[in-house]
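The following exercises concern strand pairing, surface exposure and annotated positions. Each task is followed by a solution in steps.

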Amino acid sequence: MRLRLRTHLGPKAAARPRLLPWRADHPPPLPDMPFTPGTARWREGVAIAPGPEWRQAGAAAVAVLPEGTRHAVLDARALRPEEAVAMAMGALLQAPRGFRLDLWHRGEDALAPLCRDARAVLKGVLLARRLTAAPGNALTPKIFARRLRRLERHGIGVQVLGRRRLRAAGFGALLAVGEGSANPPRLVVLRWRGRIAAPPLVLVGKGITFDTGGLCLKPAAGMEAMRADMAGAAACAGAMLALALRDSPAPVAAVLPLAENALGAAAYRPGDIITTLSGLTVEVVDTDAEGRLVLADALTYAVRAFRPEAVVDLATLTGAVVTALGHHRAGLFGNDAPLAAALCAAGEAVGERLWPLPIGAAHRRDLESGIADLRQCASGRLQPDACHAAAFLSAFLGGSPPAWAHLDIAGMAEEPADRPPGAAPAPGGFGVRLLDALVASRFEDPHRR
Amino acid sequence: MPDILFVKPTLPRAGALVLPLAEGFTLSGLAKEADEATGGAIARGLEAAGFKGRKGQSCTLWAPGGHLSRVVAVGLGAAPEERGAEAAGGAAWPLVSGEPEAMVAAEGLNAALAAALAFGARLRSYRFDRYRTKESAEDKPKLVRLTVASTEPEAARAAHAPLSAVADGVFLARDLVSEPPNVLFPEEMAERCRKLEKLGVEVEILGPKALKELGFGALLGVAQGSAREPRVVVMQWKGASKAGKGDGNGKAGPVAFIGKGVTFDTGGISIKPAAGMEDMKFDMAGAGAVIGAMAALAGRRAKVDAVGLVGLVENMPSGTAQRPGDVVKSLSGQTVEVINTDAEGRLVLADVLWYARERFRPRFMVDLATLTGAIIVALGHEHAGLFSNDDDLAQKLAAAGTAVGEALWRMPLGEAYDKALKSDIADMKNVGGRPGGSVTAAQFIQRFIDTREGPMPWAHLDIAGTAWATKDSATVPKGATAFGVRLLDRLVAEHYEG
């Protein structure tokens, strides 16, 4: 995938398929083509009449390119720099692997830095996608951690905690989940120092490299999709890479609990009681609700180790959130209205949409346990499990919790059958651009306090 | 249901005394008199019980002396307000209902709060015992009169009068929802709406013949499997026109409330599992709430023009039942491919909403329906789902809900969800699959909100998770909650009676 800037086209480039956007007040490039926002039609190239969403226009354009196109030109001479880059971004996100796009422009100075940032974010998305697409045997916690080590070359600090250190530190929940697998768990901590001397934003991502459900085994049909149950961790890693590549001034860290939820002789059982890193004891009700357990320890660690300004966690956590919001929006929970608003705004801006859902007193009550400090989930049918999971996580933020948001991205990790134009192709890397936009909008101003 | 009486404070000679106390209280007025009459037993008892007046706190002191058989203290929290007073009244009810007489020492509360406290007690007093033939008198509540001692009994009585009408509406809705489905079927439910005529509501009942002539194809399709005939009931309360304010309110059209009234939902041919099917008697709770709200508005002579429409059907599997795969033509002219006969509520609402819009040109429409299991998975039982095409209406509804303790949570709508309804052979399917199940249901309904002649503010409340309670709460005993009655009443009172 490549994005290159050009101020003029050679004869070879001029012969490539061309994306040709125009505005309502310009004459149409094809005489018989009326201006209708969002339409795209193929002739020699692609003419698009974009609506307000340039990114979507780019995606729509790629969709009507002739099959097998690997290299195209975006004629952006009529666009402002930010419009041109947004459209290029939309096109590249939608395009097949290895796609190359030349951006033909009039030579504005503003374009180069915008383009650099776009490339950075695109690289982050691609990393997240590659990790998410990797099958469970090719991406065990150990291999995942090894691949994250490579981020060091971009100036990101990488620390990996193995089983022994996790045990010594008391990561009871993460270890319990990983116990059933021959591939032991890891905790990976990524650090980007930035240039602002302030407490960092900490990202936390669920990294279940494959989720069988454990003893509460999932049905066979569709289980293969569970290779993507680490999409939250992948998104955090992708966002860290994007921030590093565009040299963000904001200090950001990521805490990624990696484990395989397998069923084996040493697997944890429903009814087990786990002592988590926080000291709280948890009654296990369903071994397939493992994500909230590994996140619990990771959140506790994030708060203790970083005293962060804010914590945002991403997880393919519940089927309930898919029942609630489908594949068009991720569920947003949290304890801080400004942070939630900033996330929603960032999501709208990049087209990774969120919708707030509640954590109510009744949800917390549902998690009361007769034998431990709390239950991991409620049993029975028709449970608001996404709300329960969020209520559960909120118990692991310590005595004076930082601003926190939890994104349940279960509906967004894999491609829905009826993907609308403009949505990312599978597996989507959902969250990378959202987190990047959040950092840009809220954490890069050194005078923000 | 107990009578509520407001009087000047005088210490009762017998029975129970209720003391609503805020945090940091000192006993005064009747409480102090009673304390003195019992030689300080009340103050000592509250101290020993650790009663601090916190919200939700209560304690009973038995036979403290004097002639009192018990003293019940209920906490009001730090700063008494309307909901707190209601909750205190509700908390007191089960603690005194075994007494023939009880007095509330409410001199510390202003008239509005004293009324709210009495209202709360009354809401909690509801019970549905019509089919318990062997319950002993001992097990039944004995309290027939709750006396509220207030320094301004006239004002408290005046403040309580509209609340009493609202309580009547709530009780009516709870009765309707609690009734078993062999007793309450569409025809019977329509007959019960007739009782609203006594309050001045115009009631019009449309039977199968009229519905067929009008073209209620979607609703009739649902009803065709049952031996019980469907009904659509139209209730009109012309409180603004009658008050001579027809120009203000009338021009904008009435407010319109529409309720789903599936008196029993087996699922039809797409039959539900046996476990829990008995709950499906409350699949008419939306209609119940609309009827209750109309009763409340008429009962308190609200200065508003309001129409309530309920679509009443029974969804049964049988030789005549609608099949998955059938295509029905709705009143709007749009055709619907019925994929799942258990997604019947939206078919009923589709026709009734279209009819409401065409006939009344309302200023807005709110529909209530126990529509989807998905809303329970999304939100649980604390919030009902709120879907709306109008931010202003949504905000007003949410605020009214918060004020009366019937909480709403806004859920999304959007074109992306609407696409799930695409049918290969008709204008739409009646289900959009599991993902976003409540949202696609709302999208379906939205297709029957006619906006061809301009915006039509509309909100849809999915009350599947809030229509029935499995646990007692302060003002709602377990069972039918009548969720929506107070909310709609409050919405009107706050914004549409001026």
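Two strands are taken to pair if DSSP finds at least two bridges between them. The model treated here is a predicted one.

**Exercise 1.** Determine the partners of strand S2 of chain A and the sense of each pairing.

*Solution.* Step 1: strand S2(A) comprises residues 18–21. Two bridges link S2(A) to strand S5(A), residues 71–75, in the parallel sense; this count satisfies the cut-off of at least two bridges. Step 2: strand S4(A), residues 46–49, also runs parallel to S2(A), and three bridges join them. Step 3: the individual partners are then assigned. Arg18(A) is bridged to Val73(A) in S5(A), and Leu20(A) to Ala47(A) in S4(A). Step 4: the faces of S2(A) are separated. Leu19(A) and Pro21(A) make up the covered face, whereas Arg18(A) and Leu20(A) make up the uncovered one. In a regular strand, side chains alternate between the two faces of the sheet.

**Exercise 2.** State the strand order of the sheet that contains S12, S13 and S17 of chain A, and explain which strands are at its edges.

*Solution.* Step 1: the sheet is open, has mixed pairing and follows the order S12-S13-S17 in chain A. Step 2: S12(A), residues 273–275, and S17(A), residues 374–375, each have a single partner strand, so one side of each lacks a neighbour in the sheet; these are the edge strands. Step 3: S12(A) pairs with S13(A), residues 281–283, through three bridges in the antiparallel sense. Within this pair, Ile273(A) is opposite Glu283(A).

**Exercise 3.** Classify Leu215(A) and Ala182(A) as buried, partly exposed or exposed.

*Solution.* Step 1: Leu215(A) has a relative accessibility of 41% and is therefore partly exposed, since that class lies between 20% and 50%. Leu215(A) is located in the loop between strand S10(A) and helix H8(A). Together with Leu217(A) and Leu263(A), Leu215(A) makes a nonpolar surface patch of about 260 Å². Step 2: Ala182(A), with a relative accessible area of 75%, is exposed. Ala182(A) belongs to the loop between helix H7(A) and strand S8(A).

**Exercise 4.** Locate the residues of chain B that UniProt lists for "active site".

*Solution.* Step 1: the unreviewed UniProt entry lists Lys272(B) and Arg346(B). Step 2: Lys272(B) is in the loop between strand S9(B) and helix H11(B); its contacts include Asp265(B) and Asp342(B). Step 3: Arg346(B) lies in helix H12(B), residues 345–360, and is buried because its relative accessible area is 7%. Among its contacts are Leu371(B), Asn430(B) and Phe444(B).

Notes. Residues are numbered from 1 along each chain as its sequence is written. Chains are lettered from A and ligands numbered from 1 in the order in which they are written. This is a predicted model: local features need pLDDT of at least 70, side-chain atom pairs count only at pLDDT 80 or more; totals for chains, interfaces and linings use all residues. Side-chain values use heavy atoms; hydrogens and water are left out. Helices (H or I, at least four residues) and strands (E, at least two) are DSSP runs, numbered from the N terminus. Buried means under 20% relative accessible area, exposed over 50%, partly exposed in between (1.4 Å probe, protein chains only). Patches are made of residues with over 30% relative accessible area and no salt bridge: like charges are joined within 9 Å, nonpolar side chains (Val, Leu, Ile, Met, Phe, Trp, Tyr) within 5 Å. Accessible areas come from the Shrake-Rupley method with a 1.4 Å probe; for residues, only the protein chains shown count as cover. A salt bridge is a side-chain nitrogen of Lys or Arg within 4 Å of a carboxyl oxygen of Asp or Glu. UniProt positions are given in the numbering used here, feature names are shortened, and annotations may be inferred rather than shown by experiment. Contact means heavy atoms within 4.5 Å. Lists of a residue's contacts leave out its neighbours within four places in sequence.
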